[in-house]
Amino acid sequence: MDPSRPLPTPEQDAAVTPVMGTALQRQVLVCTAKSCTANGSEAVLEAFKAQLIDEKLLFYKGNREGEVQCIHCGSVGFCAIGPAVLVYPDGIWYAHVTPADVPEIIESHLKGGVPVERLVRKRLG
């Protein structure tokens, strides 16, 4: 970035960045690196997106009012126990997640605030 050029204000950035103005509550990061993908993480990611869209909870171009952003990410260091799913800002790391686990994670954790303990492998903070 050109150091002589001033940074935009937060208000200017919010005007061009829809995610800044939403009621976003959580981010769900699904690892799609090599090992997690080999264990089915793409299907886990799609299961999250499909159910979150059905429940009008997913923040995406079709619903700027969604409360949950669901994205793929690279390796988070859980390669041997993937598919790995991280939920922020809660700092919950899930392991061995399958598409069949997704409804429970959404109901219990994303909607109810209670992590699914049988899948939790790490907590931050």
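# A guided look at helix 4 and a ring pair

Guide: Let's start with helix 4 (residues 102-111), whose buried residues are V102, I105, I106, H109 and L110. This is a predicted model, where local features need pLDDT of at least 70, side-chain atom pairs count only at pLDDT 80 or more, and totals for chains, interfaces and linings use all residues. Residues are numbered from 1 along each chain as its sequence is written, and side-chain values use heavy atoms, with hydrogens and water left out.

Visitor: What makes a run of residues a helix or a strand here?

Guide: Both are DSSP runs, numbered from the N terminus: a helix is H or I with at least four residues, a strand is E with at least two. The chain has four helices and five strands, in the order α-β-α-α-β-β-β-α-β from the N terminus on.

Visitor: Back to helix 4: what puts its buried residues on the same side?

Guide: They cover an arc of only 115° around the axis, so they sit on the same side of helix 4. That arc is taken from the directions from the helix axis to the C-beta atoms.

Visitor: And which elements do the buried residues of helix 4 pack against?

Guide: Strand 1 (26-31), helix 3 (41-54), strand 2, strand 3 and strand 4. Contact means heavy atoms within 4.5 Å.

Visitor: How many aromatic pairs are there, and what is the rule?

Guide: Rings of Phe, Tyr and Trp (its six-membered ring) pair if their centres lie within 6.5 Å; planes under 30 degrees apart are stacked, over 60 edge-to-face, and the rest tilted. The count by this rule is one aromatic pair.

Visitor: Why is the pair of F78 and W93 called tilted?

Guide: Their ring centres are 4.9 Å apart and their planes stand at 55°, so the pair is tilted. F78 lies in the loop between strand 2 (68-73) and strand 3 (85-88), while W93 is in strand 4 (residues 92-94), so the pair ties together parts that are 15 residues apart in sequence.

Visitor: Why does F78 count as buried?

Guide: Buried means under 20% relative accessible area, exposed over 50%, and partly exposed in between (1.4 Å probe, protein chains only). F78 has 11% relative accessibility, so F78 counts as buried. W93 is at 11% relative accessibility, so W93 counts as buried too.

Visitor: How do you know that K122 lies over the face of W93?

Guide: A charge sits over a ring if NZ of Lys or CZ of Arg is within 6 Å of the ring centre and within 35 degrees of the ring normal. K122 lies over the face of W93, at 5.0 Å from the ring centre.
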